[in-house]
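Colleague: I am new to this model, so please choose a single part and take me through it slowly, explaining each term as it comes up.

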Amino acid sequence: MKILLATDGSDFSRAAIDAACEILAGSKNNFIEIISVSEEVADTGTEPFGVSADYIREMDRIGRQKAAEIATAAEEMIRRRFVDSPVILTTKIVKGTSAGRTIVEEAQNWQADLIVVGSHGHGFWKRAFLGSTSDKVIHNAPCSVLVVREKVNV
């Protein structure tokens, strides 16, 4: 099974990592690609009224570095769970304008069987204003999608 695991380093993503590991436990021929999206910084125009090119380059560098740290942490979590199991694991940092669109495109290119993402659990109004990565993935994915909500202690 080929699982594309999208992570942003949040507790919701850690819950998605746990769910992906549970799915793969005890099975063979498993492939996991961990993807972390570094969103592009928009150029707001030219100086002196816009943001400088140096600032944009620095923000891109910081975004890629943070995405790499997040992917590495997810990889370490999974490797600890599958010390003696044959799981083929890769990580990928992808730059894109929209995390949801980028995840769907990577799933298409990699021919994933399943996409696993965490849900931040935003209500209707926050989703309307902020957008929802998991919502975009669900409605555009070329394969099945598992949206994992963090377990809430009641």
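**The first strand and its surroundings**

Modeller: A good place to begin is L5, which stands opposite V116 in strand β4. This is a predicted model, in which local features need pLDDT of at least 70 and side-chain atom pairs count only at pLDDT 80 or more, while totals for chains, interfaces and linings use all residues. Residues are numbered from 1 along each chain as its sequence is written, and side-chain values use heavy atoms, with hydrogens and water left out.

The strand to look at is β1, residues 2–6, where four of the five residues are buried, buried meaning under 20% relative accessible area with a 1.4 Å probe and protein chains only. Strands here are DSSP runs of E with at least two residues, and helices are runs of H or I with at least four, both numbered from the N terminus. With β4 (residues 114–119), β1 pairs in the parallel sense over three bridges, and two strands count as paired if DSSP finds at least two bridges between them. Strand β2, residues 30–39, also pairs with β1 in the parallel sense, over five bridges, and within β2 the bridge partner of I3 is I32. Between these two strands the chain passes through helix α1 (residues 11–24), giving a right-handed β-α-β crossover; right-handed means that, with the strands pointing away from the viewer, the path from the first strand over the helix to the second runs clockwise.

The residues just named lead on to the largest nonpolar core, which has 20 residues and in which L5, I32, I34, I78 and V116 have the most contacts. Such a core is a set of buried Ala, Val, Leu, Ile, Met, Phe, Trp, Tyr and Cys residues joined through side-chain atoms within 4.5 Å. Elements giving two or more residues to it include β1, β2 and β4, although α1 gives the most, with seven residues. Seen from V116, and leaving aside neighbours within four places in sequence, the contacts (heavy atoms within 4.5 Å) are I3, L4, L5, A6, A16, A20, L146 and V148. In soluble globular proteins, nonpolar side chains tend to be buried together.

As for confidence, pLDDT runs from 0 to 100 for each residue, and the mean for the protein chain is 84, with 82% of its residues at 70 or more. The lowest value falls in helix α4 (residues 124–130), at a mean of 46. Where pLDDT is low, the predicted coordinates should not be read in detail.

Terms used
Buried < 20%, exposed > 50% of the residue type's maximum accessible area, 1.4 Å probe, protein only. pLDDT = per-residue confidence, 0-100.
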